[in-house]
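Here are some short exercises to help you find your way around a new structure. Try each task on your own, then walk through the solution below it.

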Amino acid sequence: MVVSCAGGNRLDIEIPVDTLEYSKEDLSLDYEIIDISIEGLKGGHSGIEIDKGLANANKILGKLLKEFNENDVDFNLIDISGGNLDNAIPNSSFSTILIHDINKIKDIAKEFEIKVNEEFKGIEDKIEVNLDFKEFSKINISDDKFAVLLKDSTDKIIDFINTVPNGIIKMSENIEGLVETSLNLGIMSLKMDRLNNFNVTMSIRSSLNAEKEKLNREIKSITKRFLGTVKIRGDYPGWEFKEDSPLQKLVCDVYENQYNKPMIVEIIHAGLECGIFVNKIDNLDAISIGPTLLDVHSYNEKMSISSVFRTYNLLLAILEKLSKV
């Protein structure tokens with residue numbers, strides 16, 4: 001039984017980037033295009049599983065590209081993307097780069113893969129760093145021209161990914177083991193049209209509205225340094241724990257009578273609809289129950305079928321008890 005949850009909002013970030021158009025004729029034959037992918041991560045729900053320390057594929061890719069820069073690899077981004085949902089920890093991310101000298105890149109990527117797997121040992125199973133080399137002279141380019149980011153814009157994207165915070169920001173001072181405030185770099189992409197932008201969508205969560213607003217301001221301040229803009233949307237309230245809840249006691253009693261064991265009572269870092277209801281209806285007493293869900297917001301998401309029947313039977317017993325109150 002869940003009795004309290006975090007509030008939160010989404011941040012849509014746009015950072016302007018500059019490009020140059022190239023054709024095959026513009027470049028010498030020793031240029032190569034490389035597709036880079038970060039794969040094999042578990043992913044997961046950015047509220048329920050943020051405390052597990054799971055790797056964020058977008059942040060991993062940003063670290064790898066930073067390693068290239070720090071080792072004087074001369075390259076330019078053509079594309080970069082990762083994640084599908086702002087509230088899901090991304091389990092894969094991708095980029096395409098134009099590079100002149102490939103002598104260093106294989107060794108750097110190999111060493112980075114070893115290092116990042118050691119960092120997340122016991123948390124992730126196997127983080128894969130994949131490079132797909134394409135000789136530029138043999139690339140089939142359908143358009144006469146294709147866009148490549150200028151080096152300044154390439155570095156701007158890499159610096160932003162590595163600067164912006166991600167994961168747990170603060171633990172609760174009152175409830176042991178509860179994440180109070182967090183954020184998730186859920187989606188990133190390049191939008192190449194009339195106005196070229198690097199786009200990022202983040203999910204922010206906090207049990208305290210003041211901490212949520214503080215984190216919003218911090219992300220706005222960071223984005224401003226990169227000449228970008230931030231739009232806040234999808235704000236939803238938190239659900240504060242109610243100490244003297246008759247409904248909590250009733251449900252605990254019904255559950256223990258039905259299953260001969262105590263009900264587990266939890267406060268979670270994810271958002272729940274109860275937060276909206278209790279903030280709109282004065283003195284509302286609410287709880288949240290449901291079947292067992294595993295690996296939520298990941299490709300491995302599943303539900304315990306047997307728990308559906310247990311929840312159904314429990315709900316019937318609760319309604320019967322409430323009808324006599």
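**Exercise 1: Two loop residues**

Task: Decide whether L227 is buried or exposed, then find where L227 sits and look at its phi.

Solution: This is a predicted model, so every step works with computed values. Start with the surface: the relative accessible area of L227 is 64%. The cut-off for exposed is over 50%, so L227 is exposed. Next, trace the chain: L227 belongs to the loop that runs between α4 (209-225) and β14 (229-236). Finally, check the backbone: the phi of L227 is positive, near 65 degrees, although the residue is not a glycine. Most residues other than glycine have a negative phi.

Now repeat the steps for D72. Its loop lies between α1 and β6 (75-82). D72 has a relative accessible area of 63% and is therefore exposed. The phi of D72 is positive too, near 60 degrees, in a residue other than glycine.

**Exercise 2: The whole chain**

Task: How many helices and strands does the chain have, and what share of its residues count as buried?

Solution: Going through the elements gives seven helices and 17 strands. The chain has 325 residues, and 45% of them count as buried. For the extent, take the principal axes: the C-alpha trace spans about 85 × 35 × 35 Å. Then turn to contacts between residues at least 6 apart in sequence: 78% of these join residues at least 24 apart.

**Exercise 3: A residue in a strand**

Task: Is M202 buried or exposed, and which residues is M202 in contact with beyond its sequence neighbours?

Solution: First place M202, which is part of strand β13 (residues 197-206). Its relative accessibility is 0%, so M202 counts as buried. Setting aside neighbours within four places in sequence, the contacts of M202 include N9, R10, L11, D86, V164, L183 and I219. One more distance helps: A88 is 114 residues from M202 in sequence, yet their C-alpha atoms are 9.7 Å apart in space.

**Exercise 4: The nonpolar cores**

Task: Which residues have the most contacts inside the largest nonpolar core?

Solution: The largest core has 48 residues, and I80 and F198 are those with the most contacts inside it. Helix α1 (residues 57-70) gives the most to this core, contributing six residues. Apart from this core lies another one of eleven residues, including L250, Y255, I287 and L314. As background, nonpolar side chains tend to be buried together in soluble globular proteins. Now look around I80: beyond neighbours within four places in sequence, its contacts include L61, L65, F94, I157 and F198.

**Exercise 5: Two helix pairs**

Task: At what angle do α1 and α3 cross, and at what angle do α5 and α7 pack?

Solution: Take α1 and helix α3 (residues 151-163): their axes come within 8 Å and cross at roughly 130 degrees. The two helices are therefore oblique to each other, and their crossing is left-handed. By class, this contact of α1 with α3 has three nonpolar, four polar and five charged residues.

Helix α5 (residues 246-259) and helix α7 (residues 305-322) pack at about 125 degrees, with axes 10 Å apart. This makes α5 oblique to α7, and the crossing of α5 and α7 is right-handed. Among the residues that meet are L250 and Y255 in α5 and L314 and A317 in α7. The contact of α5 with α7 divides into ten nonpolar, two polar and two charged residues.

Technical notes. Residues are numbered from 1 along each chain as its sequence is written. This is a predicted model: local features need pLDDT of at least 70, side-chain atom pairs count only at pLDDT 80 or more; totals for chains, interfaces and linings use all residues. Side-chain values use heavy atoms; hydrogens and water are left out. Helices (H or I, at least four residues) and strands (E, at least two) are DSSP runs, numbered from the N terminus. Buried means under 20% relative accessible area, exposed over 50%, partly exposed in between (1.4 Å probe, protein chains only). Contact means heavy atoms within 4.5 Å. A nonpolar core is a set of buried Ala, Val, Leu, Ile, Met, Phe, Trp, Tyr and Cys residues joined through side-chain atoms within 4.5 Å. Axes are lines fitted to C-alpha atoms, for helices over the stretch in contact, and angles run from 0 to 180 degrees between N-to-C directions. Angles under 35 degrees count as roughly parallel, over 145 as roughly antiparallel, 65 to 115 as roughly perpendicular and the rest as oblique. A crossing is left-handed if the near helix is turned anticlockwise from the far one by less than a right angle, and right-handed if clockwise. Ala, Val, Leu, Ile, Met, Phe, Trp, Tyr, Cys and Pro count as nonpolar, Asp, Glu, Lys and Arg as charged, and the others, Gly among them, as polar.
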